[in-house]
Protein chains: 2
Amino acid sequence: MASAIEMLSRHRCYSGAVGFYRHQAATTACAMRFAVFTPPAAERGPVPVLYYLAGLTCNEETFMIKAGAQRLAAELGLMLVAPDTSPRGAPLPGDSESWDFGVGAGFYLDATEAPWSAHYRMYSYVTQELPALIGASFPADLKRQGIFGHSMGGHGALTIGLRNRDRYRSISAFAPIAAPSACPWGQKAFSGYLGADRARWHDYDATALVLDVKDAKRGPRILIDQGLADQFLDSQLHPGRFEDACARVGFPLRLRRHEGFDHGYYFISSFIDDHLRHHAQILSS
Amino acid sequence: MASAIEMLSRHRCYSGAVGFYRHQAATTACAMRFAVFTPPAAERGPVPVLYYLAGLTCNEETFMIKAGAQRLAAELGLMLVAPDTSPRGAPLPGDSESWDFGVGAGFYLDATEAPWSAHYRMYSYVTQELPALIGASFPADLKRQGIFGHSMGGHGALTIGLRNRDRYRSISAFAPIAAPSACPWGQKAFSGYLGADRARWHDYDATALVLDVKDAKRGPRILIDQGLADQFLDSQLHPGRFEDACARVGFPLRLRRHEGFDHGYYFISSFIDDHLRHHAQILSS
């Protein structure tokens, strides 16, 4: 049963509306916030749902404020759902000491190590509880769901999408952490949340996961945009490793590299329309 | 002579770039920040410049992050310039006690009352020093300048535009404080910065100013968008008073009232394209 949700605010935006909500989440055992953009087509019946997972230090507001997605989402009839990036309603010792671990850095996984395992269950939250809540509370067509995200959220979108291909029919990412087991952000997060045994990291590493995908060639094709002036490209992101892994198994990928663009939302907003069209095309077919 | 400017950061955005800058301003006798979006057309020669004045509590980043203006500005070949909303580099006693006076609340006027008069000279900064700096440092065509803004910045755009019609050829505003002498925000700001003598307030009140405009009918037409769910509409904004004054002297105004929209950037972004086209059309004629 979906828990009750509380509307915190709602803003008319283009021909739709952006709403911010809070609910008591069973998965993370604390209050969680999320944002929903409802397109005008939702007044006439269920519409496709596109989940956006944000990056380190962001929250449920970031995408709605900065990405400029609402104009075209209104036109295409896409509902946009943006969860927070970690539990925030359950203080844990040390959860705010780093910007890349703990609060604002949930990494879209289910932690197995104490004390994180009690609340840091963003994988289950995003894949189970949130879609059930959206389906119960909004005019969403759960047969047409897609997922995308940025940086840590790009990692989330790729791993969640690859592990649940029947649920998320379309996948894309901006500057994702594409091989987290091989970079400092991922190693710190996985060690802390999942422990030192690297075998447990496998299911949260897109580059490892894609090698296991059955029937890889059926796709549908993943879209990734990456700025070449991204300050984290060489040290943290490694899209080339994911690209190589996709090539090995024949998973269709369009990885676009863009001269001059950095890691921020000025980059994301520049290509957001292409991502929305990518999802709309797959979800409407 | 234009003072040296320091580039703080620069981000590729669509086919142009957003840059953030700092310089030591003579007018305000302190360091000031501003943002510039440069469209791709600026690579081939000077382009029209559109100044955006932000509202209470905002800064030079707000518009660039939240309004979603860059996509169409790139296409139309408009340079966008966004100054800060007050001096910040010169601490004064009591300047941060209120969100509607002092820091973040310069009201685009030249203060005459101590201690504000030493630094709070945003009218001169915006109308003189900033354009000179932009003209000297960027491929800007100063013969084609327009101005717009939001709330306190809508007040700024209307008053600055009306007082300098030959300099700013196009004017528009989102939810402006249209009759500041008649609302609490304006009365507090004008009393503090300009003193109790209301005769001194006249030049900073759009509704009063428009009545004095010579050759009012030549316009060009001002565009104002106002949300009808704006929480400040009845208490602070009074667009109807400005509308009445324009009608009295025949100044062409298009005031659009929008059902359901509030005072924030979800409202602004919904109509930003119309404003950019308004300015581009006048500035290209």
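**Exercise 1. Polar contacts and salt bridges between the chains**

Task: Determine how many residue pairs are in polar contact between chain A and chain B, and how many salt bridges are counted there.

Solution. Step 1: A polar contact is a pair of N or O atoms within 3.5 Å; within protein, one must be able to donate a hydrogen and the other to accept it, and residues adjacent in sequence count only if both atoms are side-chain atoms. By this criterion, eight residue pairs, both members at pLDDT 80 or more, are in polar contact between chain A and chain B.
Step 2: For salt bridges (a side-chain nitrogen of Lys or Arg within 4 Å of a carboxyl oxygen of Asp or Glu), the count between the two chains is zero.

The model is predicted: local features need pLDDT of at least 70, side-chain atom pairs count only at pLDDT 80 or more, and totals for chains, interfaces and linings use all residues. Residues are numbered from 1 along each chain as its sequence is written, chains are lettered from A and ligands numbered from 1 in the order in which they are written, and side-chain values use heavy atoms, with hydrogens and water left out.

**Exercise 2. The interface**

Task: State what area is buried between chain A and chain B, and which three residues of chain A supply the most of its share.

Solution. Step 1: Buried area is the accessible area (1.4 Å probe) that two parts lose on being put together, summed over both. Here the area is about 1800 Å², and carbon and sulfur atoms give 54% of this area.
Step 2: A:Arg12, A:Tyr14 and A:Tyr266 supply 41% of the area that chain A buries against chain B, more than any other three residues.
Step 3: Contact (heavy atoms within 4.5 Å) takes in 21 residues from chain A and 21 residues from chain B.

**Exercise 3. Strand E8 of chain B**

Task: Establish whether the residues on the two faces of E8(B) are buried or exposed, and which strands pair with E8(B).

Solution. Step 1: Strands (E, at least two residues) are DSSP runs, numbered from the N terminus. Buried means under 20% relative accessible area, exposed over 50%, partly exposed in between (1.4 Å probe, protein chains only). In E8(B), residues 222-227, six of six residues are buried.
Step 2: B:Ile222, B:Ile224 and B:Gln226 lie on one side and B:Leu223, B:Asp225 and B:Gly227 on the other, all buried.
Step 3: Two strands pair if DSSP finds at least two bridges between them. E7(B), residues 168-174, pairs with E8(B) in the parallel sense over three bridges, with B:Ala173 bridged to B:Ile224.
Step 4: E9(B), residues 253-258, also pairs with E8(B) in the parallel sense, over six bridges; B:Gln226 stands opposite B:Arg257.

Technical notes. Helix = DSSP H or I, 4+ residues; strand = E, 2+ residues; numbered from the N terminus.
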